[in-house]
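Open the model in your viewer and keep the sequence panel beside it. The tour goes from one selection to the next and says what is found at each stop.

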Amino acid sequence: MTRYQLFINNEWVDPQSRRWFDSLDPYTGVAWAEIPRANAEDADRAVTAAANAFEGPWSRISASERGMILHKFGQLIERDASKLGEVESRDNGKLMSEVMGQVRYMAKYFYYYGGLADKIQGAIVPIDKPKVFNMIRYEPMGVVVSITPWNSSLLLTAWKMAAALCAGNTMVCKPSEFTSASLFELARLAQEAGLPAGVVNVVTGFGAEVGEPLIRHPKVQRIAFTGGDEAGRKVYAAAADGLKRVSLELGGKSPNIVFDDADLGRAANGVITGIFSAGGQTCMAGSRLLLQESIHDEFVERILKITQSAKVGNPADPDTEIGPIATRPQFDKVMNYIDIAKKEGARCVAGGRALSGPGYGAGQFVEPTVFVDVSNDMRIAQEEVFGPVLSVLKFRDEEDAIRIGNDIRFGLAAGVWTKSLHRAMLMSERLKAGTVWINNYRSTSYTTPFGGFKHSGIGREGGMEAVREYMETKSVWISTELEMPNPFVRKY
Ligand code: NAD
């Protein structure tokens, strides 16, 4: 068993509680690491370290140097990608092939934001008054707290960290209690990259015990949260008490819409990628498949063929295509939704069962599952399952697809499959989602914003837009008037 310590002010320290909890390997079900159970005192220590670093050494480092440190950080991530990937895969059960892709790509966020660090320019505004200059400055906010879920601990933290540090902030990172270990490994690299003490801190534990104290800490200016919308609401409320700046990346129930004119082979592969990548445990899962009536039966046949060929099993095995469910509560939740769907009258045409026995470790596996005859008012069509469960719905025409696609509280993403430029443009305009993919699915990049409409969140991560969300805007007025007139002397 590896026993981890908290990372505060570039030091490895025990939690004040002197308590640890186990992290389980989702494949074997066996505890493999001990994670420090941090509390409000640890939160205070970490925030104080981050606040001191912000006022002290980090503020004296030029933007160019900051960029170079971020670049070095990216190189170290690439150097240690295998180690980072192994730890993350062991903690959340994601396929090694998927995790390695994520970790290598994650380095690019640090290169991109490293390059951007000394290119964030203010402005001189052509003002409507004589003898005065107005200057706009973009300044870092201070201490940023990142709170992340279990499905992609490293990548989702990196999205926040690279942008927040680029802007000149310092950070306290709180990963999910289910997948904390990989951030400790990342913290080692932060230190090796040359980040001064206190710029990056990692505290671990439970939402109510350490997450909330972090959010409520008076020296914290900005919260960057990714997680479910239930926790998101609590985070938003706690942040509101202190009028903190917040970004929320929440859940989704994204429609993947296939028109009758699409290249159906290509669309089928895209639909499978959309729902079964990471075993459906992604916020952007295309979990509502909307099929135009005329191609419904043929398309369902296509996806069933691919679904039934999927190899489910050990995430460390390079041939595996779908791994375990990351946590036991999540496994129970997915199985419960399968029951709910059956009771609601949806018809299960693939999967639907838990998998156990040889090759399935501790049995935390769900067969890739497809439901047809789903109507949009069913819970299986409206609620986020976060597992390998696809709901198939029918639509008549473009208007019907738009109506069903938007008739949901989420708005994270949507996919559209068509050869018609007209349809592609129409759908990209009318779908209420932060990302619309036309003839592809799941593409993301450090260069482009990602985030949700409606209950899928607030704010954007990625691209230049994200950096602004980690900065305050300041207007500076400079008068060149030699005299300041007495305001009580009337001029008329
Ligand atoms: P979760 O909401 O249960 O937990 C997320 C994080 O919030 C954890 O670190 C948890 O400890 C912390 N937390 C919980 N309650 C808190 C509180 N009151 N105060 C402070 N912190 C608190 O989510 P999860 O189950 O770990 O992850 C799955 C969810 O994350 C899904 O809903 C998924 O859609 C969402 N997600 C969204 C995105 C996105 O970019 N939009 C990406 C990945 C996952």
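## Stop 1: two packed helices

Select residues 81–92, which are helix α4, and residues 181–193, which are helix α7; the two pack at an angle of about 160°, and their axes are 8 Å apart. The model you are looking at is predicted. Two packed helices are described by exactly these terms, the angle between the axes and the distance between them. An angle over 145 degrees counts as roughly antiparallel, and α4 and α7 are therefore roughly antiparallel to each other. The crossing of α4 past α7 is left-handed.

Now show the side chains at the contact. On α4, pick K83, L84, V87, E88 and D91; on α7, pick A181, S182, E185, L186 and L189. Sorted by class, this contact holds five nonpolar, one polar and four charged residues.

## Stop 2: a sheet of three strands

Next, find the open sheet with the strand order β6-β7-β25, where the pairing is antiparallel. Strands of a sheet pair through backbone hydrogen bonds, so switch on the backbone here. Which strands stand at the edges? They are β6 (123–125) and β25 (471–479); each has a single partner strand, so one side of each is left without a neighbour in the sheet. From one strand to the next, the twist averages 30°.

Select β7, residues 132–140, together with β25: nine bridges join this antiparallel pair. To see one position in detail, pick P140, which has M471 of β25 opposite it.

## Stop 3: a sheet of seven strands

Move to the open sheet of seven strands, whose order is β15-β18-β19-β14-β13-β21-β22 and whose pairing is mixed. At its edges are β15 (347–350) and β22 (435–438), each paired on one side only. Neighbouring strands in this sheet are turned against each other by 25° on average, direction ignored.

Select residues 413–417, strand β21, and add β22; the two pair in the parallel sense over four bridges. Here G415 is opposite W437 of β22.

Then add residues 296–308, helix α11, which packs on the sheet. The strands that α11 touches are β13 (255–258), β14 (288–292), β15, β18 (369–372) and β19 (389–395). The direction of α11 makes about 140° with that of β14.

## Stop 4: a strand with a partner on two sides

Select residues 220–226, strand β11. Is this strand largely enclosed or left open? Six of its seven residues are buried, so β11 is largely enclosed by the rest of the structure.

Add β8, residues 143–147, which runs parallel to β11 and is joined to it by five bridges. I147 has F225 of β11 as its bridge partner. Then add β12, residues 245–249, which is likewise parallel to β11 and joined to it by five bridges. In this pair, R222 is bridged to R245 of β12.

## Stop 5: the start of the chain

Last, select residues 2–3, strand β1, and residues 31–36, strand β5; two bridges pair them in the parallel sense. R3 stands opposite E34 of β5.

Add β4, residues 20–24, which runs antiparallel to β5 and is joined to it by five bridges. F21 has I35 of β5 as its bridge partner. How many residues lie between β4 and β5 in their hairpin? There are six, and G29 in the turn has a positive phi of about 75°.

Key:
Residues are numbered from 1 along each chain as its sequence is written. This is a predicted model: local features need pLDDT of at least 70, side-chain atom pairs count only at pLDDT 80 or more; totals for chains, interfaces and linings use all residues. Side-chain values use heavy atoms; hydrogens and water are left out. Axes are lines fitted to C-alpha atoms, for helices over the stretch in contact, and angles run from 0 to 180 degrees between N-to-C directions. Angles under 35 degrees count as roughly parallel, over 145 as roughly antiparallel, 65 to 115 as roughly perpendicular and the rest as oblique. A crossing is left-handed if the near helix is turned anticlockwise from the far one by less than a right angle, and right-handed if clockwise. Contact means heavy atoms within 4.5 Å. Ala, Val, Leu, Ile, Met, Phe, Trp, Tyr, Cys and Pro count as nonpolar, Asp, Glu, Lys and Arg as charged, and the others, Gly among them, as polar. Two strands pair if DSSP finds at least two bridges between them. Buried means under 20% relative accessible area, exposed over 50%, partly exposed in between (1.4 Å probe, protein chains only).
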